[in-house]
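Reader: I have a chain to look at and would like to go through it by question and answer. Please explain each term when it comes up.

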Amino acid sequence: MQLHDSITIPAENRSIPFWSWNDSLDSELLSWQIEQMAASGVGGFFMHARSGLKTEYLKDPWFDCIAVGLREGRKRGLQPWVYDEEGWPSGFAGGAVPQLGEKYYARGLRMHIVPSPEKIVRDDSLLGVFGYTADFSQVIPEHEFGTEDHFEGFLVMTHSSSPYYIDVLNPITTKSFLEITHESYFKRFGKNLPEGFFTDEPRLSEGPIPWSYILPREFQADHGYSILEQLPALYVPCQGYEKIRFDYWVTVSRLFVHSYMEQIFNWCEAHHCKLTGHMMMEESLYSQMTGTSGSMPFYKFFHMPGMDSLRRNINDPRMPKQLSSIAEQFGKKWVITESFAMSGWDLNFEEMRWIVNWQFVNGVNIVCQHLQAYSLKGFRKRDYPPSLFYQQSWYGEYSRFQDYLGRLSTLLIEGHKILEILLLHPMHSAWIAYDGTNNEQIKALDKDFIKATTMLSSQHLDYHLGDEGVLASDGSVDSGYLHIGSFAYRIVCLPSCLSLDDSTIKLLETLLDQGGVVYSLGLFPLLCEGKKDVRLEALQKRAVPLKNSEKVRKAIASQLVKPVGITEEGQQVEDVSYCLHEQEDGLSLFLVNNSKQERHKNMCVEIKGPYSVVLSDLWENERHAIPSSVSKNGYTQFNLSLLPMQSEMVFLFPESKPDSSDSYKIVQPQYIPFDSSEVWSIQKMDPNALTLDYCKYRIDGGAWHSKVPVIKLMRTLLELKRPCALELEFEFSILCPTKSIDNVCLVIEQSNQYSIEVNGQKVSSVAGWYKDRSFDSLNIQNCLVQGTNTVLLKTVFQESAHVYDILFGEKVYETELNKLTYDMEIESIYIIGDFGVFTEVPLCPGLKNSLEAYGTFFIKERPTFLFGKNFTSQGLLFFAGKLEIEKTLVIQSGEDKSLFLDLGNCHQPMLQVFLHEKLVKTLVWAPYIVDLGKYLVEGKNTLRLVFYASNRNLLGPHHHIKGENYSVGPQSFEGVFSWCERETEADEIDRSLTKVSFWKDSYTFIRFGF
């Protein structure tokens, strides 16, 4: 694109959120929500069947709703896509594919150790029996047992199956999936199909090592020998296991890629629509072995390949690099990330930008926000939050952030990446190390792989990853460069590896022969496809070993055509990453500070060649020329500062002087600190709230039980496994005359399911909704008393037999849990209105910007003033709306009006600054500094700040043992263990924690204010 021009954002370069269809769908509400999305600045949406859905999937009512999405979305310039499954992982068509028969079932290979043959169960699952000697030095199949053989024990190889998911290795399952799902869409919509399909987390399942009925035949065809004779080698280090494991995973990978992904890709190609999505467990070598046997080969068969970034954190570069490498090598314009799931309700825009920037600087360029919830009713509000939709106080201003993302995406999409280094991916070495566990050998490989990727990134040596399977099919060497698709690499780096493919060895030998360079950054491999090979000894002698960062930088940077350096006090700034793109009239340089704590005040950025330098502010859509110089060795140098989590986009024009047009301004502001601790008057605020998440209860007219958490009561009722008459009693206290509080309402989800009394008075008239269209608001102002108030709810609690089967059945797979819908749910209730909410005991500071409350809560008059930096404890404990505060600034006659308001480090998703009713600036990340100069007048100036609160303090989780949690799943609200408790999918699940309680009785809130 032309950097001199203003950035125009086409719809296809804007984000595409998951639109979670998770309730009984209504066409009018669907249309209204599409209007909200169009106004918010997104480019499209994925219509995503999800747990809670009550409209029957893939039936006429479902397709009627899809028709609304297609019609109304396109009418408003949005691109409507569909998610290809009911829940996840994709491929089972909501259960219809496994129902075709057991040959469609997911299968796994199991190994059992038994002491004697008499203990062996010989049924249809048996694949083979093997005797073994000490240390598995010999493993002998049963048909070769001799009369004098003595074994330590016996290895019994069996296969298991799951009727809840599919055999992804067998092409008949994907064919059936396409017939049931995709063909149904084509039958209904023909040429008016959605923009494309999102396939989500197809995976190897049913145990640590996959199996399929077709594996013996396919393995024999690939390798010329029977895998049935060698099965124990996949689990134990018997003689020759390295070669057997390598061959096994060659076949598994080929079958999965071509049986599943290529088949769906070809269907989309033939029907002129696109395929997008991401694979399962993409993070580490170990996690990829359990999910895919390696993600990179799949990305070739996406039109828009993607990844999944969970939690409120970032990681090393491996995951986005392995995705973007394939995408860029094969010219795939758009690279998508499903981001923000599990980040929690307090995720703010600064953290969103940080999470996105880490991925974008490593090659991703489109965001799929997880998620936008059709409904927050029941458990839906806990569905890996947040919902980044109309339920948020800031949603009316969301388009500002979407425009920022769109400008950044467009620059990255339209440019061509400049890099010259290929780092080999050690996935095929993991095939050999993997024995069904995260053993020490695969951990060491992974650790060294992280070291290699972070070493190159931290030394500002940008690179692609090279998959050996892709190298075999698409790699070539010409004129001293290794070519993959549209990229050519003169430099190849090897991380620690156990083995190289034969085709890789040949490519590296040819590259070296033609003057290319091979660097070894770790342990050099001595195996070729699992067997010793003398060529590797010769190759090792020709490769240059580099073991530390400084040597890597010194050796490689000097060989690059367009090297970039980012230094502070003469050292490369290791937590700042960059990517460089060639544009039509210059270069775009994207710089990202990955650190959440470190500020880099005066970095020196240098790039080879003479350029004028312009800073592009993608938030304000402004540009500023910045001073630069050209060094004696021909490098353009300029200084730049980056706050924690900050990024900058720099334009480099190949000319001696900056463009003199009005769009470029040199700005040198002088900041004047502003005292944020003074008193502010509250001018306006959305209804305040009190969450009531404890209640007394009784069942079938029996004795009353003492107060329990509502969310735990739901589990108690489910464990009854029967209908019951249910009464719930909630209490709240008002410690002021009721006439001094106003507009008080009771908020209940699905209020029509209850008989409702407040202090003995029946309440039934719904006055409106609060936060979510399913949260009914009932006016109770005239029911209130000073002191203790009681809310009594009566209903009949019941669930279908299907719900109990899924919750309490044996070996139920996640496919069923991920599409589970309750008939009825017992939830917390809320009191909202014009009042303040306080606690008897002062709040205690906690970790991660949190506050701990140990006392009970009560309602008093709404505060009229706020002071200090923490608004939460001043009556806004559960507040989740918009707050407007004011104060007066007095400018004396003749006083300098060049005032810059410095608000420090604010705690809210969004803050707007108004002066004399004019919007001066919208702030969503540091620096929270505002130029008031051109708006100030002599005398009195009315300064108004508008704060937007998150839903965190309203919806929780309030009782998680960790306090504020950056890895939030449904069980986080219940205080029970789940897979969400680990830091990343690269880690194993610690099963010892399954019996540990993650609940605490005290409440955790987050700070809101300055």
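Reader: In the hairpin of strand 18 and strand 19, which residue takes a positive phi?

Author: This is a predicted model, in which local features need pLDDT of at least 70, side-chain atom pairs count only at pLDDT 80 or more, and totals for chains, interfaces and linings use all residues. Residues are numbered from 1 along each chain as its sequence is written, and side-chain values use heavy atoms, with hydrogens and water left out. Strands (E, at least two residues) and helices (H or I, at least four) are DSSP runs numbered from the N terminus. The hairpin has two residues between its strands, and the one with a positive phi, near 55°, is Ser479.

Reader: How many bridges join strand 18 to strand 19?

Author: Two strands pair if DSSP finds at least two bridges between them. Strand 18 covers residues 475-478 and runs antiparallel to strand 19. Val477 stands opposite Leu482 of strand 19. The number of bridges joining strand 18 to strand 19 is four.

Reader: Which side chains of strand 19 point to one face and are buried?

Author: Buried means under 20% relative accessible area, exposed over 50%, and partly exposed in between, with a 1.4 Å probe and protein chains only. Along strand 19 (residues 481-484) the side chains alternate, and Tyr481 and His483 point to the other face and are not buried. The buried ones are Leu482 and Ile484.

Reader: Which residue in strand 20 stands opposite Leu482?

Author: Strand 19 pairs with strand 20 (residues 487-489) in the antiparallel sense, over three bridges. In their hairpin, with two residues between the strands, Gly485 takes a positive phi near 60°. Opposite Leu482, in strand 20, stands Tyr489.

Reader: Which strands stand at the edges of the open sheet with the order 6-5-7-4-9?

Author: Five strands form this open sheet, with antiparallel pairing. An edge strand has a single partner strand, so one side of it is left without a neighbour in the sheet. At one edge, strand 9 pairs with strand 4 (residues 105-114) over two bridges, and Arg107 stands opposite Trp211. The edge strands are strand 6 (139-141) and strand 9 (210-211).

Reader: Is Leu58 buried or exposed?

Author: Leu58 is found in the loop between strand 2 (44-49) and helix 2 (60-75). Leu58 has a positive phi of about 60° although it is not a glycine. Most residues other than glycine have a negative phi. At 14% relative accessibility, Leu58 counts as buried.

Reader: What is omega for the peptide bond from His370 to Leu371?

Author: Leu371 lies in the loop between strand 13 (366-369) and strand 14 (372-373). Most peptide bonds are trans. The bond from His370 to Leu371 is cis, with omega near -5°.

Reader: With which residues is Asn439 in contact, leaving aside its neighbours within four places in sequence?

Author: Asn439 is in the loop between helix 11 (427-433) and helix 12 (440-458), and at 15% relative accessibility Asn439 counts as buried. Contact means heavy atoms within 4.5 Å. With those neighbours left aside, the contacts of Asn439 are Ala433 and Tyr434.
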